[in-house]
Amino acid sequence: MSYNRFVDKVVIVTGAASGIGEDAAKSFAAESAKVVVADINEKEGQRVVDEIQAAGGEAIFIQADSGQETDNRELIQKTVDHFGKLDVMVANAGINIEAKIADLSVEDYKKVRAINLDGAFYANKFAVEQFLSQGGGGAIVNIGSIHSHVARQGLTAYATTKGGIQMLTKQVGTDYLEEGIRCNMVCPGYINTPLTETVAPEIREKLASLHPINRMGEVDEVSAAILFLASDDASFISGTDIKVDGGYTAV
Ligand SMILES: NC(=O)c1ccc[n+]([C@@H]2O[C@H](COP(=O)([O-])OP(=O)(O)OC[C@H]3O[C@@H](n4cnc5c(N)ncnc54)[C@H](O)[C@@H]3O)[C@@H](O)[C@H]2O)c1
């Protein structure tokens with residue numbers, strides 16, 4: 001089934017040069033959104049923009065490091081300068097550095113926190129400020145993880161930051177409902193993207209088996225939930241999450 005839910009809507013997707021963010025950006029564009037592909041990787045970000053445009057969609061690339069306050073502020077400003085407003089923020093950029101806490105350097109912890117949690121905070125804060133300046137309305141979709149809910153050995157930094165995003169989502173998702181601003185989270189299980197492709201095949205097989213559905217997920221299965229929560233179809237939904245995880249957290 002095809003939809004067209006984002007006519008005249010301006011959407012930012014951070015970390016949109018690859019994986020889940022790339023597919024979300026393309027899916028929004030396919031439903032007529034004006035899309036800002038935000039990423040640190042200019043070459044791949046521009047490729048995504050070119051592919052969106054080749055498919056008849058509208059998109060621009062803005063280089064922004066999600067871990068930097070200034071970059072996040074400028075991302076919103078440049079978006080508004082170009083498209084005139086902002087309707088949807090998808091805070092997707094994220095990284096993982098695996099180590100149990102005794103082996104995790106403080107430097108690596110701060111790096112993961114800066115991009116995953118501080119980055120989500122900046123994206124939410126500056127998006128809400130922009131929504132309020134426009135008179136209210138607007139939707140935020142944060143990308144959490146099954147590890148917003150459950151641990152796995154060695155995921156200290158990642159799970160800590162993804163857990164923080166859950167409470168950020170609940171807080172932002174309840175503080176501005178009178179202004180028409182909703183905020184929700186999508187929590188994917190293990191998804192086939194460049195982030196997980198680096199994992200050894202035997203570990204990928206083991207990860208797949210942890211999902212009762214007995215496979216890893218695909219990016220379009222995550223995009224379906226992101227676009228739903230960003231759309232008016234989710235008008236009574238805020239401060240919560242959808243787990244796109246093949247049953248991983250249900251057992
Ligand atoms: N792939 C999975 O199995 C999985 C599962 C659960 C959650 N997630 C989450 O989904 C999100 C996307 O993951 P993915 O698998 O698509 O990853 P990916 O590595 O394929 O893509 C991540 C993108 O983020 C960009 N990025 C990295 N650091 C950045 C920064 N500082 N500022 C801006 N952009 C930056 C990268 O350049 C890349 O384009 C992440 O938040 C990740 O934690 C992924």
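**Asp233, the ligand shell and two positive phi angles**

Colleague: Happy to look at this with you! Where is the place of Asp233?

Modeller: Asp233 belongs to a loop, in what is a predicted model. The elements on either side are α8 (219-230) and β7 (241-244). The place asked for is therefore the loop between α8 and β7.

Colleague: Which residues does Asp233 touch, leaving out those up to four places away in sequence?

Modeller: One of them is far off along the chain: Arg5 and Asp233 are 228 residues apart in sequence, with their C-alpha atoms 8.7 Å apart in space. The two side chains make a polar contact at 3.5 Å. With sequence positions up to four away set aside, the residues touched are Arg5 and Phe228.

Colleague: Nice. Now to the ligand: where does the ligand sit, and which elements give two or more residues to the shell around it?

Modeller: The ligand sits in the largest pocket. Three residues of the shell come from α6, which gives the most. The elements that contribute two or more residues are α1 (19-30), α5 (156-175) and α6 (194-197).

Colleague: How do the residues of the shell divide into nonpolar, polar and charged?

Modeller: There are 29 residues around the ligand, and Ser18, Asp39, Asn92, Tyr158 and Thr193 come nearest. By class, the shell divides into 14 nonpolar, twelve polar and three charged residues.

Colleague: Which residue has a polar side-chain atom 2.6 Å from an oxygen atom of the ligand, and how much of the ligand's accessible area does the protein cover?

Modeller: Asn92 places a backbone N or O atom 2.7 Å from a ligand oxygen, while Lys162 brings a polar side-chain atom to 2.8 Å from an oxygen of the ligand. The residue with the 2.6 Å distance is Tyr158, through its side chain. Of the 840 Å² of accessible area that the ligand has on its own, the protein covers 92%.

Colleague: One last thing, the backbone. What is the phi of Asp8, and where is Asn214, with its positive phi, found?

Modeller: Most residues other than glycine have a negative phi. Asp8, in the segment before β1 (10-14), has instead a positive phi, near 65°. Asn214 is not a glycine either, and its phi is positive at about 65°. Asn214 is found in the loop between α7 (201-209) and α8.

Definitions and conventions:
Residues numbered from 1 in each chain as written. Predicted model: local features only at pLDDT ≥ 70, side-chain atom pairs only at ≥ 80, totals over all residues. Heavy atoms only, no water. Near = heavy atom within 4 Å. Polar contact = N/O pair within 3.5 Å; in protein donor to acceptor, adjacent residues only side chain to side chain. Areas by Shrake-Rupley, 256 points an atom, 1.4 Å probe, with all protein chains shown as cover. 1 Å grid on protein atoms, 1.4 Å probe; cavity = no way out; pocket = protein on both sides within 12 Å on 5 of 7 lines; lining within 4 Å. Sits in = over half its atoms within 2 Å of the grid points. Helix = DSSP H or I, 4+ residues; strand = E, 2+ residues; numbered from the N terminus. Nonpolar A, V, L, I, M, F, W, Y, C, P; charged D, E, K, R; others polar. Contact = heavy atoms within 4.5 Å.
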